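Colleague: Hello! Could you pick one residue in this model, look closely at its surroundings, and then set it against a few other places in the chain?

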Amino acid sequence: MSYHLKIYMLALVSFLVGTSEFIIAGILDKVSDDIGVSVAAAGQLITVFSLAYGFGTPFLMAAAAKVDRKRLMLYALSIFIVGNVAAYFFSGFTALIVSRVIVALSSGVFVVTALTVAAKLAPAEKQGSAIATLVMGFSTALIVGVPLGRLVASAYDWKLVFGGIGLLGLLALLLIALAIPKTDGEQPVPLRDQLKLLKNPKILVALGITFFWLGGYSITYTYISPFLLDITGMSEKFVSIALLAFGIASLIGSKLGGFSTDRWGFKRTLVNGMLLHAVWLVVISFAAHSPALMFPLLMLWSFSAWSSGPTQQYHLISLAPEATSIMLSLNSSVIQLAMAAGAGIGGVVVEGASLAAITWIGAAGVAIAALISAAAFGYLRVGAASRAADKEARARKFSA
(Lines give C-alpha, C1' and ligand atoms only; values in the text may rest on other atoms or scores of the structure.)
Protein backbone atom coordinates (compact mmCIF):
# COMPACT_ATOMS: atom_id res chain seq x y z
CA MET A 1 0.00 0.00 0.00
CA SER A 2 1.42 3.41 -1.00
CA TYR A 3 2.17 6.04 1.62
CA HIS A 4 -0.42 8.30 -0.07
CA LEU A 5 -3.22 5.87 0.73
CA LYS A 6 -2.03 5.44 4.31
CA ILE A 7 -2.02 9.18 4.85
CA TYR A 8 -5.52 9.50 3.38
CA MET A 9 -6.66 6.80 5.81
CA LEU A 10 -5.22 8.82 8.67
CA ALA A 11 -7.00 11.90 7.29
CA LEU A 12 -10.28 9.97 7.21
CA VAL A 13 -9.90 9.01 10.86
CA SER A 14 -8.96 12.63 11.66
CA PHE A 15 -12.24 13.67 10.04
CA LEU A 16 -14.10 11.39 12.44
CA VAL A 17 -12.20 12.79 15.43
CA GLY A 18 -12.83 16.36 14.26
CA THR A 19 -16.54 15.70 13.88
CA SER A 20 -16.73 14.46 17.46
CA GLU A 21 -15.11 17.72 18.63
CA PHE A 22 -17.04 20.23 16.53
CA ILE A 23 -20.47 18.58 16.56
CA ILE A 24 -21.58 19.92 19.96
CA ALA A 25 -21.83 23.47 18.61
CA GLY A 26 -24.05 22.21 15.79
CA ILE A 27 -26.53 20.42 18.08
CA LEU A 28 -26.26 22.56 21.23
CA ASP A 29 -29.97 23.41 21.35
CA LYS A 30 -30.91 19.72 21.03
CA VAL A 31 -28.60 18.72 23.86
CA SER A 32 -29.81 21.49 26.19
CA ASP A 33 -33.48 20.66 25.58
CA ASP A 34 -32.99 16.95 26.13
CA ILE A 35 -30.87 17.01 29.29
CA GLY A 36 -32.81 19.88 30.83
CA VAL A 37 -30.15 22.59 31.10
CA SER A 38 -29.90 26.07 29.59
CA VAL A 39 -28.14 26.69 26.30
CA ALA A 40 -25.42 28.56 28.22
CA ALA A 41 -24.86 25.58 30.51
CA ALA A 42 -24.75 23.18 27.56
CA GLY A 43 -22.15 25.44 25.97
CA GLN A 44 -19.80 24.61 28.84
CA LEU A 45 -19.45 21.14 27.34
CA ILE A 46 -17.19 22.85 24.81
CA THR A 47 -15.33 24.59 27.63
CA VAL A 48 -14.73 21.27 29.41
CA PHE A 49 -13.62 19.57 26.18
CA SER A 50 -11.16 22.32 25.31
CA LEU A 51 -9.69 22.53 28.82
CA ALA A 52 -9.15 18.77 28.93
CA TYR A 53 -7.61 18.80 25.44
CA GLY A 54 -5.43 21.86 26.07
CA PHE A 55 -4.05 20.89 29.46
CA GLY A 56 -4.13 17.10 29.18
CA THR A 57 -2.62 16.44 25.76
CA PRO A 58 0.90 17.80 26.44
CA PHE A 59 1.19 15.74 29.64
CA LEU A 60 -0.13 12.56 28.02
CA MET A 61 2.15 12.96 24.99
CA ALA A 62 5.17 13.52 27.22
CA ALA A 63 4.28 10.46 29.31
CA ALA A 64 3.77 8.27 26.22
CA ALA A 65 6.70 9.61 24.20
CA LYS A 66 8.52 6.25 23.97
CA VAL A 67 5.42 4.21 23.07
CA ASP A 68 5.21 2.86 19.51
CA ARG A 69 3.17 5.43 17.55
CA LYS A 70 0.83 2.87 15.97
CA ARG A 71 0.06 1.34 19.34
CA LEU A 72 -0.52 4.79 20.81
CA MET A 73 -3.03 5.62 18.06
CA LEU A 74 -4.85 2.34 18.70
CA TYR A 75 -4.99 3.05 22.43
CA ALA A 76 -6.25 6.58 21.80
CA LEU A 77 -8.93 5.40 19.35
CA SER A 78 -10.12 2.72 21.77
CA ILE A 79 -10.65 5.32 24.50
CA PHE A 80 -12.23 7.66 21.93
CA ILE A 81 -14.79 4.95 21.12
CA VAL A 82 -15.56 4.44 24.82
CA GLY A 83 -16.14 8.16 25.32
CA ASN A 84 -18.56 8.46 22.40
CA VAL A 85 -20.45 5.28 23.24
CA ALA A 86 -20.80 6.55 26.83
CA ALA A 87 -22.52 9.68 25.50
CA TYR A 88 -25.00 7.43 23.69
CA PHE A 89 -25.85 5.12 26.59
CA PHE A 90 -25.69 7.35 29.66
CA SER A 91 -28.05 10.20 30.47
CA GLY A 92 -27.56 13.44 32.34
CA PHE A 93 -25.30 16.46 32.22
CA THR A 94 -22.60 14.98 34.48
CA ALA A 95 -22.29 11.84 32.36
CA LEU A 96 -21.99 13.96 29.23
CA ILE A 97 -19.23 16.06 30.82
CA VAL A 98 -17.28 12.91 31.69
CA SER A 99 -17.78 11.66 28.14
CA ARG A 100 -16.45 14.92 26.67
CA VAL A 101 -13.34 14.79 28.87
CA ILE A 102 -12.61 11.21 27.74
CA VAL A 103 -13.11 12.12 24.08
CA ALA A 104 -10.98 15.28 24.42
CA LEU A 105 -7.97 13.52 25.94
CA SER A 106 -8.07 10.66 23.42
CA SER A 107 -8.61 13.06 20.49
CA GLY A 108 -5.63 15.17 21.48
CA VAL A 109 -3.33 12.18 21.70
CA PHE A 110 -4.58 10.76 18.39
CA VAL A 111 -4.28 14.02 16.42
CA VAL A 112 -0.75 14.83 17.61
CA THR A 113 0.39 11.23 17.04
CA ALA A 114 -1.23 11.01 13.60
CA LEU A 115 0.55 14.21 12.50
CA THR A 116 3.87 12.70 13.61
CA VAL A 117 3.17 9.40 11.81
CA ALA A 118 2.08 11.15 8.60
CA ALA A 119 5.34 13.11 8.53
CA LYS A 120 7.34 9.88 9.00
CA LEU A 121 5.41 7.96 6.33
CA ALA A 122 6.03 10.57 3.65
CA PRO A 123 9.34 11.30 1.90
CA ALA A 124 11.21 14.31 3.29
CA GLU A 125 10.14 16.57 0.43
CA LYS A 126 6.46 15.61 0.90
CA GLN A 127 6.15 15.93 4.67
CA GLY A 128 4.47 19.35 4.54
CA SER A 129 1.88 18.04 2.10
CA ALA A 130 1.24 14.98 4.29
CA ILE A 131 0.60 17.13 7.35
CA ALA A 132 -1.66 19.45 5.32
CA THR A 133 -3.72 16.43 4.19
CA LEU A 134 -4.32 15.42 7.80
CA VAL A 135 -5.26 18.96 8.81
CA MET A 136 -7.62 19.05 5.83
CA GLY A 137 -9.28 15.85 7.02
CA PHE A 138 -9.74 17.31 10.48
CA SER A 139 -11.17 20.63 9.25
CA THR A 140 -13.46 18.88 6.73
CA ALA A 141 -15.50 17.89 9.78
CA LEU A 142 -16.87 21.44 9.72
CA ILE A 143 -17.98 21.03 6.11
CA VAL A 144 -19.52 17.56 6.24
CA GLY A 145 -19.53 16.21 9.77
CA VAL A 146 -21.29 19.05 11.61
CA PRO A 147 -24.11 19.62 9.06
CA LEU A 148 -24.65 15.86 8.74
CA GLY A 149 -24.74 15.51 12.52
CA ARG A 150 -27.28 18.31 12.69
CA LEU A 151 -29.51 16.53 10.17
CA VAL A 152 -29.34 13.25 12.13
CA ALA A 153 -30.09 15.05 15.41
CA SER A 154 -33.07 16.84 13.83
CA ALA A 155 -34.53 13.75 12.20
CA TYR A 156 -33.86 11.26 15.01
CA ASP A 157 -31.96 11.87 18.24
CA TRP A 158 -28.75 13.74 19.00
CA LYS A 159 -27.41 10.70 20.88
CA LEU A 160 -27.39 8.74 17.63
CA VAL A 161 -24.66 11.09 16.40
CA PHE A 162 -22.30 9.92 19.14
CA GLY A 163 -23.41 6.31 18.80
CA GLY A 164 -22.63 6.48 15.08
CA ILE A 165 -19.22 8.05 15.74
CA GLY A 166 -18.50 5.23 18.19
CA LEU A 167 -19.37 2.58 15.60
CA LEU A 168 -17.32 4.29 12.90
CA GLY A 169 -14.50 4.44 15.45
CA LEU A 170 -14.39 0.63 15.38
CA LEU A 171 -13.86 0.76 11.62
CA ALA A 172 -11.15 3.39 12.12
CA LEU A 173 -9.47 1.13 14.66
CA LEU A 174 -9.40 -1.68 12.09
CA LEU A 175 -7.95 0.61 9.39
CA ILE A 176 -5.12 1.75 11.66
CA ALA A 177 -4.39 -1.81 12.79
CA LEU A 178 -4.16 -3.18 9.24
CA ALA A 179 -2.72 -0.28 7.23
CA ILE A 180 -0.34 1.70 9.43
CA PRO A 181 3.12 0.23 10.13
CA LYS A 182 4.82 0.32 13.49
CA THR A 183 6.62 3.57 14.13
CA ASP A 184 9.12 4.02 16.93
CA GLY A 185 8.43 6.45 19.71
CA GLU A 186 10.54 9.51 20.35
CA GLN A 187 12.78 10.85 23.06
CA PRO A 188 10.51 12.70 25.46
CA VAL A 189 10.85 16.48 25.59
CA PRO A 190 10.32 17.55 29.22
CA LEU A 191 7.52 20.07 29.69
CA ARG A 192 9.92 22.47 31.39
CA ASP A 193 11.99 22.54 28.20
CA GLN A 194 8.87 23.18 26.14
CA LEU A 195 7.82 26.02 28.44
CA LYS A 196 11.22 27.70 28.13
CA LEU A 197 10.02 29.14 24.82
CA LEU A 198 7.48 31.20 26.76
CA LYS A 199 10.33 33.33 28.09
CA ASN A 200 10.53 34.89 24.62
CA PRO A 201 8.25 38.00 24.65
CA LYS A 202 7.55 37.72 20.91
CA ILE A 203 6.31 34.15 21.34
CA LEU A 204 4.12 35.16 24.29
CA VAL A 205 2.59 37.95 22.22
CA ALA A 206 2.03 35.61 19.26
CA LEU A 207 0.25 33.08 21.49
CA GLY A 208 -1.79 35.96 22.90
CA ILE A 209 -2.93 36.73 19.35
CA THR A 210 -4.09 33.11 18.98
CA PHE A 211 -5.94 33.31 22.30
CA PHE A 212 -7.95 36.48 21.57
CA TRP A 213 -8.57 35.58 17.91
CA LEU A 214 -10.00 32.11 18.61
CA GLY A 215 -11.56 33.17 21.90
CA GLY A 216 -13.61 35.77 20.04
CA TYR A 217 -14.46 33.25 17.34
CA SER A 218 -15.56 30.67 19.93
CA ILE A 219 -17.83 33.13 21.78
CA THR A 220 -20.03 33.29 18.68
CA TYR A 221 -19.52 29.88 17.08
CA THR A 222 -20.36 27.93 20.25
CA TYR A 223 -23.88 29.34 20.23
CA ILE A 224 -24.37 29.67 16.47
CA SER A 225 -27.15 27.06 16.19
CA PRO A 226 -29.45 28.61 18.86
CA PHE A 227 -28.56 32.06 17.44
CA LEU A 228 -29.73 31.06 13.95
CA LEU A 229 -32.87 29.37 15.32
CA ASP A 230 -33.99 31.91 17.90
CA ILE A 231 -32.58 35.23 16.69
CA THR A 232 -32.49 34.80 12.91
CA GLY A 233 -35.57 32.58 12.82
CA MET A 234 -34.16 29.89 10.54
CA SER A 235 -35.81 26.51 10.27
CA GLU A 236 -34.02 23.28 11.22
CA LYS A 237 -33.37 22.52 7.56
CA PHE A 238 -31.83 25.90 6.86
CA VAL A 239 -29.61 25.77 9.94
CA SER A 240 -28.06 22.57 8.56
CA ILE A 241 -27.56 24.24 5.18
CA ALA A 242 -26.08 27.32 6.86
CA LEU A 243 -23.59 25.16 8.76
CA LEU A 244 -22.63 23.47 5.48
CA ALA A 245 -22.06 26.87 3.85
CA PHE A 246 -20.00 27.93 6.86
CA GLY A 247 -17.81 24.84 6.54
CA ILE A 248 -17.23 25.31 2.81
CA ALA A 249 -16.21 28.93 3.39
CA SER A 250 -13.78 27.85 6.13
CA LEU A 251 -11.99 25.57 3.67
CA ILE A 252 -11.75 28.30 1.02
CA GLY A 253 -10.59 30.85 3.61
CA SER A 254 -7.87 28.54 4.88
CA LYS A 255 -6.58 27.91 1.36
CA LEU A 256 -6.59 31.60 0.38
CA GLY A 257 -5.03 32.54 3.71
CA GLY A 258 -2.07 30.34 2.84
CA PHE A 259 -1.90 31.82 -0.67
CA SER A 260 -2.02 35.38 0.69
CA THR A 261 0.72 34.60 3.19
CA ASP A 262 2.99 33.44 0.36
CA ARG A 263 2.04 36.36 -1.90
CA TRP A 264 1.80 39.36 0.45
CA GLY A 265 3.38 38.14 3.68
CA PHE A 266 1.94 36.88 6.96
CA LYS A 267 1.82 40.29 8.68
CA ARG A 268 -0.55 41.96 6.25
CA THR A 269 -2.61 38.78 5.83
CA LEU A 270 -3.02 38.26 9.57
CA VAL A 271 -3.97 41.83 10.50
CA ASN A 272 -6.36 42.31 7.56
CA GLY A 273 -7.95 38.89 8.05
CA MET A 274 -8.65 39.55 11.74
CA LEU A 275 -10.00 43.04 11.06
CA LEU A 276 -12.41 41.60 8.48
CA HIS A 277 -13.31 38.83 10.95
CA ALA A 278 -14.33 41.44 13.55
CA VAL A 279 -16.18 43.57 10.99
CA TRP A 280 -18.30 40.68 9.69
CA LEU A 281 -19.30 39.70 13.23
CA VAL A 282 -20.54 43.26 13.79
CA VAL A 283 -22.42 43.23 10.46
CA ILE A 284 -24.01 39.89 11.42
CA SER A 285 -25.40 41.52 14.57
CA PHE A 286 -27.18 44.17 12.45
CA ALA A 287 -28.53 41.57 10.00
CA ALA A 288 -29.36 39.01 12.69
CA HIS A 289 -33.10 38.90 11.84
CA SER A 290 -32.65 38.36 8.11
CA PRO A 291 -32.20 34.70 7.05
CA ALA A 292 -31.51 35.81 3.46
CA LEU A 293 -28.60 38.04 4.50
CA MET A 294 -27.32 35.59 7.09
CA PHE A 295 -26.18 32.99 4.54
CA PRO A 296 -23.61 35.18 2.74
CA LEU A 297 -22.60 36.86 6.01
CA LEU A 298 -21.89 33.52 7.69
CA MET A 299 -19.70 32.55 4.75
CA LEU A 300 -17.83 35.88 4.84
CA TRP A 301 -17.30 35.50 8.60
CA SER A 302 -16.05 31.92 8.21
CA PHE A 303 -13.86 32.87 5.25
CA SER A 304 -12.11 35.69 7.10
CA ALA A 305 -11.86 33.76 10.38
CA TRP A 306 -10.22 30.69 8.88
CA SER A 307 -7.89 32.69 6.63
CA SER A 308 -5.87 33.42 9.78
CA GLY A 309 -5.22 29.74 10.58
CA PRO A 310 -2.29 28.89 8.28
CA THR A 311 -1.01 32.47 8.56
CA GLN A 312 -0.76 32.36 12.34
CA GLN A 313 0.93 28.95 12.23
CA TYR A 314 3.50 30.34 9.79
CA HIS A 315 3.99 33.34 12.09
CA LEU A 316 4.65 31.09 15.09
CA ILE A 317 7.05 28.81 13.22
CA SER A 318 9.00 31.85 12.00
CA LEU A 319 9.60 32.88 15.62
CA ALA A 320 11.25 29.57 16.55
CA PRO A 321 12.18 27.61 13.41
CA GLU A 322 14.44 25.34 15.45
CA ALA A 323 11.51 24.21 17.63
CA THR A 324 8.65 23.85 15.15
CA SER A 325 6.94 20.87 16.77
CA ILE A 326 7.02 22.42 20.23
CA MET A 327 5.66 25.72 18.91
CA LEU A 328 2.77 23.99 17.15
CA SER A 329 2.09 21.95 20.29
CA LEU A 330 1.97 25.09 22.44
CA ASN A 331 -0.26 26.79 19.88
CA SER A 332 -2.58 23.77 19.84
CA SER A 333 -2.97 24.01 23.63
CA VAL A 334 -3.62 27.76 23.46
CA ILE A 335 -6.23 27.17 20.73
CA GLN A 336 -8.11 24.78 22.99
CA LEU A 337 -7.85 27.11 25.99
CA ALA A 338 -9.14 29.97 23.83
CA MET A 339 -12.08 27.84 22.71
CA ALA A 340 -12.79 27.01 26.37
CA ALA A 341 -12.62 30.67 27.40
CA GLY A 342 -14.82 31.71 24.47
CA ALA A 343 -17.48 29.13 25.28
CA GLY A 344 -17.40 30.15 28.94
CA ILE A 345 -17.64 33.89 28.24
CA GLY A 346 -20.35 33.24 25.65
CA GLY A 347 -22.33 31.35 28.28
CA VAL A 348 -22.09 34.29 30.68
CA VAL A 349 -23.19 36.68 27.91
CA VAL A 350 -26.17 34.48 26.96
CA GLU A 351 -27.30 34.17 30.58
CA GLY A 352 -26.53 37.73 31.71
CA ALA A 353 -27.29 39.76 28.60
CA SER A 354 -28.81 38.06 25.55
CA LEU A 355 -28.09 35.53 22.85
CA ALA A 356 -27.97 38.39 20.33
CA ALA A 357 -24.97 39.96 22.12
CA ILE A 358 -22.54 37.13 21.35
CA THR A 359 -21.54 38.62 17.99
CA TRP A 360 -20.57 41.95 19.57
CA ILE A 361 -18.50 40.35 22.33
CA GLY A 362 -16.91 37.97 19.84
CA ALA A 363 -16.00 40.89 17.56
CA ALA A 364 -14.37 42.67 20.51
CA GLY A 365 -12.15 39.65 21.20
CA VAL A 366 -11.04 39.38 17.57
CA ALA A 367 -10.46 43.16 17.39
CA ILE A 368 -8.10 42.89 20.37
CA ALA A 369 -6.18 40.17 18.49
CA ALA A 370 -5.95 42.44 15.42
CA LEU A 371 -4.65 45.34 17.53
CA ILE A 372 -2.05 43.14 19.23
CA SER A 373 -0.95 41.91 15.79
CA ALA A 374 -0.72 45.44 14.38
CA ALA A 375 1.32 46.58 17.41
CA ALA A 376 3.60 43.52 17.29
CA PHE A 377 4.29 44.04 13.57
CA GLY A 378 5.07 47.75 14.02
CA TYR A 379 2.07 49.10 12.14
CA LEU A 380 0.92 51.27 15.05
CA ARG A 381 4.42 52.65 15.56
CA VAL A 382 4.56 53.57 11.90
CA GLY A 383 1.24 55.38 12.26
CA ALA A 384 2.39 57.19 15.40
CA ALA A 385 5.65 58.21 13.74
CA SER A 386 3.74 59.51 10.71
CA ARG A 387 1.42 61.59 12.89
CA ALA A 388 4.39 62.98 14.82
CA ALA A 389 6.09 63.96 11.55
CA ASP A 390 2.91 65.70 10.32
CA LYS A 391 2.60 67.56 13.60
CA GLU A 392 6.22 68.68 13.41
CA ALA A 393 5.77 69.82 9.79
CA ARG A 394 2.69 71.87 10.73
CA ALA A 395 4.58 73.42 13.65
CA ARG A 396 7.44 74.46 11.33
CA LYS A 397 4.94 75.93 8.86
CA PHE A 398 3.26 78.08 11.49
CA SER A 399 6.56 79.18 13.02
CA ALA A 400 7.75 80.24 9.59
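Modeller: Happily, and I will begin with the surface: the protein exposes about 17700 Å², with carbon and sulfur atoms supplying 69% of that area. Areas of this kind come from the Shrake-Rupley method with a 1.4 Å probe, and for residues only the protein chains shown count as cover. Please keep in mind that this is a predicted model, where local features need pLDDT of at least 70, side-chain atom pairs count only at pLDDT 80 or more, and totals for chains, interfaces and linings use all residues. Residues are numbered from 1 along each chain as its sequence is written, and side-chain values use heavy atoms, leaving out hydrogens and water.

The protein has 16 helices and zero strands; these are DSSP runs numbered from the N terminus, with helices (H or I) needing at least four residues and strands (E) at least two. Its radius of gyration is 22 Å, close to the 21 Å that the globule rule gives for 400 residues, so the protein is as compact as a globular protein of that length. That radius is taken over C-alpha atoms, and the rule is 2.2 Å times the number of residues to the power 0.38. Of the 400 residues, 51% are buried, where buried means under 20% relative accessible area, exposed over 50%, and partly exposed in between (1.4 Å probe, protein chains only).

My choice for the close look is His277, which sits in helix α12 (residues 266–286). With a relative accessibility of 0%, His277 counts as buried. Leaving aside residues up to four places away in sequence, His277 touches Trp213, Tyr217, Trp301, Ser304, Ala305 and Val366; a contact here means heavy atoms within 4.5 Å. One of these neighbours, Trp301, also makes a side-chain polar contact of 3.1 Å with the side chain of His277. A polar contact is a pair of N or O atoms within 3.5 Å; within protein, one must be able to donate a hydrogen and the other to accept it, and residues adjacent in sequence count only if both atoms are side-chain atoms.

Now for the other places. Thr210, in helix α9 (residues 201–221), is also buried, at 0% relative accessible area. Its side chain is joined to that of Gln312 by a polar contact of 2.8 Å. Beyond four places in sequence, the residues that Thr210 touches include Leu316, Asn331 and Ala338.

Ser302 belongs to helix α13 (residues 291–319) and is buried at 0% relative accessible area. With residues up to four places away set aside, Ser302 touches Phe246, Ala249 and Ser250.

For a contrast, turn to Lys182, in the loop between α7 (158–179) and α8 (191–195). Lys182 is exposed, with a relative accessible area of 69%. Apart from residues up to four places away in sequence, Lys182 touches Asp68 and Lys70.

Finally, a helix: six of the eight residues of α2 (residues 28–35) are buried, so α2 is largely enclosed by the rest of the structure. Among the buried ones are Asp29 and Lys30. Just after α2, Gly36 takes a positive phi of about 75°.
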